[in-house]
Amino acid sequence: MADLKGRFKPEGFSATFSSVALVAVPLVIFLLHALFNGGVVERRQKGDVRVPKGTEAAPQVVFAARLGACSDRGNYEDGGRGVFVPPMLTVWVRNFDGWLMDRAEGNEALLKDSGFTAATYRNYLAIKSRTGSVQSWSEELGFRSWLTKLAEDPVAQKVEGVPDSATVAQIIRNSGGGPGRNDMPVRVDAVAQRMQEGLLSAVKKLPSLLDGFKISQTVDHTPETFAAFLTERGMTWPQKLKDDKLKFHNWLETSRLNLCLTIGGREFASMKPDANGVSSIRMGVLEGQTSDDTIQKLLFRHVAPVDTEMEKWRDLVATYGVDSKASVSVGLRVIDGKGDAMTFKMASLVNSGPAEYALELPLRPVLMRSIAWAALAGVLWFIVLVSIYTGTLRSTVPAGNTEIENWTQSPWSASRVVFAWWLAICTGCYLFLWAMKAQMDVLSGSAPLLLGINGGTLLASSFVGSGKPMVRSRSFLEDIVSEGGDAEISRLQMLVWNGLLGVVFVWQSVSDWQMPTFDSYLTTLLGISSTAYVGYKVTSK
């Protein structure tokens with residue numbers, strides 16, 4: 001132990017030892033941080049995901065989220081903790097389709113890219129579950145009666161396209177049909193199709209042919225409504241709704257892929273489900289799933305913000321910490337007719353319900369966080385080693401001074417120590433934020449200003465010199481508050497203000513992931529403090 005203490009004295013300098021010490025400390029910090037935080041992966045939720053009971057959650061809800069790419073049951077497969085890259089996140093959603101449909105009825109903005117209007121959407125919801133024939137048997141009987149009269153009308157028979165009695169009888173015989181739903185719809189064969197095409201051409205030439213063929217008790221058909229009637233003749237509801245169902249299905253799928261992750265109530269539009277990671281979970285896979293439930297599993301492959309979202313991300317870190325236990329849900333962002341953005345967010349049980357649905361979400365990869373702390377520790381440790389093994393932070397011995405033999409006996413310089421203090425803080429915080437945010441433009445306006453103020457103070461104090469003879473170093477603390485062996489208030493106030501603001505600078509950088517920007521009052525205060533220090537040296541000469 002005594003030998004180790006001796007190593008950390010100027011006379012114990014060794015190039016090999018100092019090099020090993022310089023590497024060893026940040027490396028130990030890196031390994032300890034990585035091992036401790038990497039161990040969180042062992043606390044990942046285990047067991048199958050369970051669908052909550054009706055009394056535990058709303059019918060439409062995000063009810064589970066787990067780190068990594070997971071199977072339908074919730075078994076971990078890949079990318080959990082995000083040791084090297086941002087983590088993946090698997091989210092289970094119950095009844096998303098119903099949630100979206102409910103909100104679309106009152107918010108037309110959600111239908112913007114669906115192909116529906118508000119009216120056609122409501123109509124589709126009203127008829128989408130229908131089966132059997134589109135037209136009723138009474139409508140078919142009315143058509144046959146009108147067609148029979150037309151075939152027997154000598155005036156109508158002169159119009160090209162109107163069928164004769166024999167053709168009409170054959171078509172009615174071949175059409176089949178009946179009053180029961182099982183007997184409907186009627187059959188429309190090739191002969192009937194040609195007849196209908198001829199009829200349509202005839203009524204366009206002579207609309208009066210439609211007299212007596214009514215849509216309702218009081219309203220006759222027009223050529224347009226008649227064309228629609230012929231199109232739907234023999235058609236079933238599934239056939240009629242085929243295009244609308246495809247349009248509706250595409251809208252649901254597009255909306256599902258346009259969902260974004262919300263964490264702690266903050267939406268992150270860049271975090272969307274992977275198209276290959278969206279799946280519907282069949283009945284019987286999850287415990288608690290009922291026939292009324294539709295369960296979707298969504299995989300978010302890259303839980304990390306883009307530049308425009310960093311402010312919200314920093315706020316999230318400041319509120320919940322780097323390992324967040326904030327509520328996790330999904331939301332759908334749309335633009336209304338006025339161009340304003342709105343986000344619809346689903347209810348969630350994740351970190352808002354029973355403990356089995358809790359999640360600890362790392363907001364930055366463990367590797368980068370370990371590098372950040374190692375970089376901060378490495379810079380500070382480098383400054384410490386330089387101060388121990390060189391005279392960089394000590395006063396220059398003036399020529400002719402016989403009391404001080406070499407730099408190891410020279411007193412510590414307050415201006416050099418303060419400048420090194422800010423140099424270590426600004427450099428260390430810069431490397432910390434670079435590693436945390438993977439960005440290089442992390443400097444605030446205060447960092448260069450602080451270095452400029454203290455660099456100017458160092459230059460001015462060196463130029464002015466001291467009016468008192470230099471004495472041997474007694475201790476670090478005594479040296480930096482004393483001038484020529486006498487304690488001075490000008491040094492003390494400079495050390496107190498710079499020390500206090502340095503701690504604030506580091507704290508905010510580490511907690512908020514952003515270098516603080518000191519206002520004009522604080523920078524003026526530091527300037528006055530430094531001026532007082534230099535001014536006192538001038539007056540003491």
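**Exercise 1. Classify F432, then describe its ring partner.**

Step 1. F432 has a relative accessible area of 1% and is buried. Buried means under 20% relative accessible area, exposed over 50%, and partly exposed in between, with a 1.4 Å probe and protein chains only.

Before going on, note that this is a predicted model, in which local features need pLDDT of at least 70, side-chain atom pairs count only at pLDDT 80 or more, and totals for chains, interfaces and linings use all residues. Residues are numbered from 1 along each chain as its sequence is written, and side-chain values use heavy atoms, leaving out hydrogens and water.

Step 2. The ring of F432 pairs edge-to-face with that of W373, at 5.1 Å centre to centre and 70° between the planes. Rings of Phe, Tyr and Trp (its six-membered ring) pair if their centres lie within 6.5 Å; planes under 30 degrees apart are stacked, over 60 edge-to-face, and the rest tilted.

Step 3. W373 lies in helix α13 (residues 366–389) and F432 in helix α14 (residues 414–437), 59 residues apart, so the pair links distant parts of the chain. Helices (H or I, at least four residues) and strands (E, at least two) are DSSP runs, numbered from the N terminus.

Step 4. W373 is partly exposed, with a relative accessible area of 32%.

**Exercise 2. Work out how helix α4 is packed and which rings it contributes.**

Step 1. Helix α4 covers residues 118–127, and its buried residues are A118, Y121, Y124 and I127.

Step 2. These buried residues pack against α3 (96–106), α10 (237–240) and α11 (242–257); contact means heavy atoms within 4.5 Å.

Step 3. The count of aromatic pairs comes to 18. In one of them, the ring centres of Y121 and W251 are 5.6 Å apart with the planes at 75°, so the pair is edge-to-face.

Step 4. Y121 belongs to helix α4 and W251 to helix α11, so this pair ties together parts 130 residues apart in sequence.

Step 5. Y121 is buried at a relative accessible area of 1%, and W251 counts as buried at 5%.

Step 6. Ring pairs link Y121 and W251 with F116, Y124 and F248 into a cluster.

**Exercise 3. Find salt bridges and state where their residues lie.**

Step 1. The structure holds 15 salt bridges. A salt bridge is a side-chain nitrogen of Lys or Arg within 4 Å of a carboxyl oxygen of Asp or Glu.

Step 2. R144 and E140 form one, at 2.7 Å from N to O. They are 4 residues apart in helix α5 (residues 137–152), which means a separation of about one helical turn. Both R144 and E140 are buried.

Step 3. R266 and D315 form another, with 2.7 Å from N to O. R266 is in strand β6 (residues 266–268) and D315 in helix α12 (residues 310–320), 49 residues apart, and the pair links distant parts of the chain. R266 counts as buried at 16% relative accessibility, whereas D315 is partly exposed at 37%.

Step 4. D97, E253 and R256 are joined into one network by salt bridges that share partners.

**Exercise 4. Which charged residues sit over a ring?**

Step 1. Apply the rule: NZ of Lys or CZ of Arg must be within 6 Å of the ring centre and within 35 degrees of the ring normal.

Step 2. The charged end of K312 sits over the ring of F268, 5.5 Å from its centre.

Step 3. R394 lies over the face of W412, 4.2 Å from the ring centre.
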